Amino acid sequence: MLMIRRLSKRFSEVPVFTDVSLELAAGEFVALLGESGVGKSTLLNCIAGLEDADRGEVHIAGTPLATLGEAGRAALRRQSLGFVFQAFHVLPHLTVAENVELPLRLLGRPDAARVESLLQAVGLGGLGGRLPAQLSGGQLQRVAIARAVVHAPRLILADEPTGNLDPATAERVLGVLREQVRGSGAACLLVTHSAAAAAAADRVLRLTPNGIEAATT
């Protein structure tokens with residue numbers, strides 16, 4: 001589902017990460033540990049085609065990103081990717097339900113029942129009519145998670161998805177991600193500095209400035 005070969009990224013003359021290689025199969029949940037500043041979010045942006053790497057290859061479901069223009073990358077994200085952004089990126093003028101349903105509407109298949117089911121699953125049942133300004137940071141994080149999986153993407157990229165959540169709620173939303181992986185055969189790459197969040201994954205790796213290595217935690 002995801003194949004990365006020797007991906008490298010620099011900002012000016014400063015390397016962010018070097019020679020990152022990774023493969024995820026369908027139905028696999030992989031956690032990538034790393035300290036702040038090691039390039040976890042940048043790596044996810046490069047995988048999603050939101051930023052260009054300086055060197056290396058990214059293949060999603062057999063499609064090399066390098067063969068796609070901006071329109072092709074946007075279509076791939078819309079159809080096949082679910083991205084949980086650390087900064088939420090919810091639209092302030094849309095209700096919670098409208099934010100979650102947005103990926104389905106962009107694909108021309110709105111589904112209010114699916115939206116409500118996911119809101120219940122992440123602990124936001126009954127809040128679909130609220131605006132983002134009426135929610136806490138932890139609730140916004142859960143909106144972002146529900147939106148990322150509502151269209152049953154083939155690949156889920158999750159950037160610190162439990163960072164604003166208490167332990168019980170974190171376990172609940174990690175369960176939602178696990179269900180998407182096991183129920184639909186998606187692959188999920190979760191990047192985090194939290195060993196507790198990483199423990200939910202099938203495989204735990206560590207991102208270093210020189211690439212990816214097996215995690216000892």
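The exercises below, each with a worked solution, concern a predicted model.

In this model, local features need pLDDT of at least 70 and side-chain atom pairs count only at pLDDT 80 or more, while totals for chains, interfaces and linings use all residues. Residues are numbered from 1 along each chain as its sequence is written, and side-chain values use heavy atoms, with hydrogens and water left out.

**Exercise 1.** Locate Ser194 and decide how it should be classed by accessibility.

*Solution.* Begin with the position: Ser194 sits in the loop that runs between strand S8 (187-192) and helix H7 (195-198), where helices (H or I, at least four residues) and strands (E, at least two) are DSSP runs, numbered from the N terminus. Next, take the relative accessibility of Ser194, which is 22%. Buried means under 20% relative accessible area, exposed over 50%, and partly exposed in between (1.4 Å probe, protein chains only). Ser194 therefore counts as partly exposed.

**Exercise 2.** Describe how helix H4 and helix H6 are placed relative to each other.

*Solution.* First, the axes of H4 (residues 112-121) and H6 (residues 167-184) come within 9 Å and cross at roughly 135°; axes are lines fitted to C-alpha atoms, for helices over the stretch in contact, and angles run from 0 to 180 degrees between N-to-C directions. Angles under 35 degrees count as roughly parallel, over 145 as roughly antiparallel, 65 to 115 as roughly perpendicular and the rest as oblique. H4 is therefore oblique to H6.

Finally, Arg114, Leu118, Gln120 and Ala121 of H4 are in contact (heavy atoms within 4.5 Å) with Arg172, Val176 and Gln180 of H6.
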